[in-house]
Amino acid sequence: MPIIEIKALPQKPEVNISDTLKTICVRLADKMGLEPKQVWATWTTIEPGCYLEGEAQSRVQPYDTHPPLVNMMAFEGKSDSEIETAMLTIAEELAKRLQIDPENIFIKYDETKSGRVFTGGTTIIKTKHGK
């Protein structure tokens with residue numbers, strides 16, 4: 001159950017945020033061998049003037065500065081290769097959809113330990129078989 005949280009400046013009018021999130025969920029699910037409904041994503045637009053690189057401000061998403069800030073959270077146990085593939089999948093889709101430099105994306109991956117997630121009315125305990 002990966003959760004992707006994206007924070008970014010306002011986007012160009014042609015960028016459809018909902019479609020972007022949907023595509024990220026579907027592509028990531030495919031790469032991770034999950035059902036699309038098992039991948040959740042949120043988007044928060046950062047108000048202009050509330051995201052600076054040093055002294056530099058921007059009112060909309062620039063091509064090569066003020067990268068979208070992505071936090072990905074998933075259960076522990078993924079290999080370094082699986083984590084890298086997941087982050088690359090997100091970065092590729094964001095770069096394409098937002099029309100920005102692929103190097104202008106910041107992603108942080110956090111592992112969530114078994115027994116430290118509550119959803120569906122219960123604490124989730126991950127077994128060796130991933131259930």
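In what order do the elements of the chain run from the N terminus on? The order is β-α-β-β-α-β-β-β, and the close-ups below visit several of these elements in turn. This is a predicted model, in which local features need pLDDT of at least 70, side-chain atom pairs count only at pLDDT 80 or more, and totals for chains, interfaces and linings use all residues. Residues are numbered from 1 along each chain as its sequence is written, and side-chain values use heavy atoms, with hydrogens and water left out.

**Figure 1. The whole chain, before we zoom in.** Two helices and six strands make up the elements of the chain; both kinds are DSSP runs numbered from the N terminus, with helices being H or I over at least four residues and strands being E over at least two. The C-alpha trace spans about 45 × 25 × 25 Å along its principal axes. Of the 131 residues, 36% count as buried. Here, buried means under 20% relative accessible area, exposed means over 50%, and partly exposed is in between, with a 1.4 Å probe and protein chains only.

**Figure 2. Glu5 in strand 1.** Start with strand 1, residues 3-8, where you will find Glu5. This residue is partly exposed, at 33% relative accessible area. Val15 follows 10 residues along the chain, and the C-alpha atoms of Glu5 and Val15 are 17 Å apart.

**Figure 3. Two cysteines in a structure with zero disulfides.** Zero disulfides are found in the structure, a disulfide being a pair of cysteine sulfur atoms within 2.5 Å. Cys25 has a relative accessible area of 11%, so it counts as buried. Cys50, by contrast, is exposed, with 54% relative accessibility.

**Figure 4. Two loop residues with positive phi.** His66 is not a glycine, yet its phi is positive, at about 50°. Look for His66 in the loop that joins strand 2 (40-45) to strand 3 (69-75). With a relative accessibility of 2%, His66 is buried. Gln99 is not a glycine either, and has a positive phi of about 55°. Its loop runs between helix 2 (80-98) and strand 4 (106-112). Gln99 is partly exposed, and its relative accessible area is 40%.

**Figure 5. Arg27 and Glu93, a salt bridge between two helices.** The structure has five salt bridges, each defined as a side-chain nitrogen of Lys or Arg within 4 Å of a carboxyl oxygen of Asp or Glu. As a general note, side chains of opposite charge can pair when their charged atoms come close. In this view, the side chains of Arg27 and Glu93 form such a bridge, at 3.1 Å from N to O. The pair links distant parts of the chain, with Arg27 in helix 1 (residues 17-32) and Glu93 in helix 2, 66 residues apart. Arg27 is partly exposed, at 26% relative accessibility, whereas Glu93 is buried, with a relative accessible area of 1%.

**Figure 6. Glu93 and Lys96 within helix 2.** Stay with Glu93 a little longer, as this residue also forms a salt bridge with Lys96, their closest N and O atoms lying 3.9 Å apart. Both residues belong to helix 2 and are three residues apart, about one turn of the helix. Lys96 is exposed, at 58% relative accessibility.

**Figure 7. Lys108 with Asp110, and a shared network.** Which residue forms a salt bridge with Lys108? The partner is Asp110, and the closest N and O atoms are 3.0 Å apart. Lys108 is partly exposed, with 39% relative accessibility, and Asp110 is partly exposed too, with 26%. Elsewhere, salt bridges that share partners join Arg27, Glu92, Glu93, Lys96 and Arg97 into one network.

**Figure 8. A patch of negative charge on the surface.** Four residues gather here, namely Glu76, Asp80, Glu84 and Glu111. A patch is made of residues with over 30% relative accessible area and no salt bridge, with like charges joined within 9 Å and nonpolar side chains (Val, Leu, Ile, Met, Phe, Trp, Tyr) within 5 Å. Asp80 belongs to helix 2. At 67% relative accessibility, Asp80 counts as exposed.

Note on methods
Areas by Shrake-Rupley, 256 points an atom, 1.4 Å probe, with all protein chains shown as cover. Lys, Arg positive; Asp, Glu negative; His and termini not counted. Charge placed at Lys NZ, Arg CZ, Asp CG, Glu CD.
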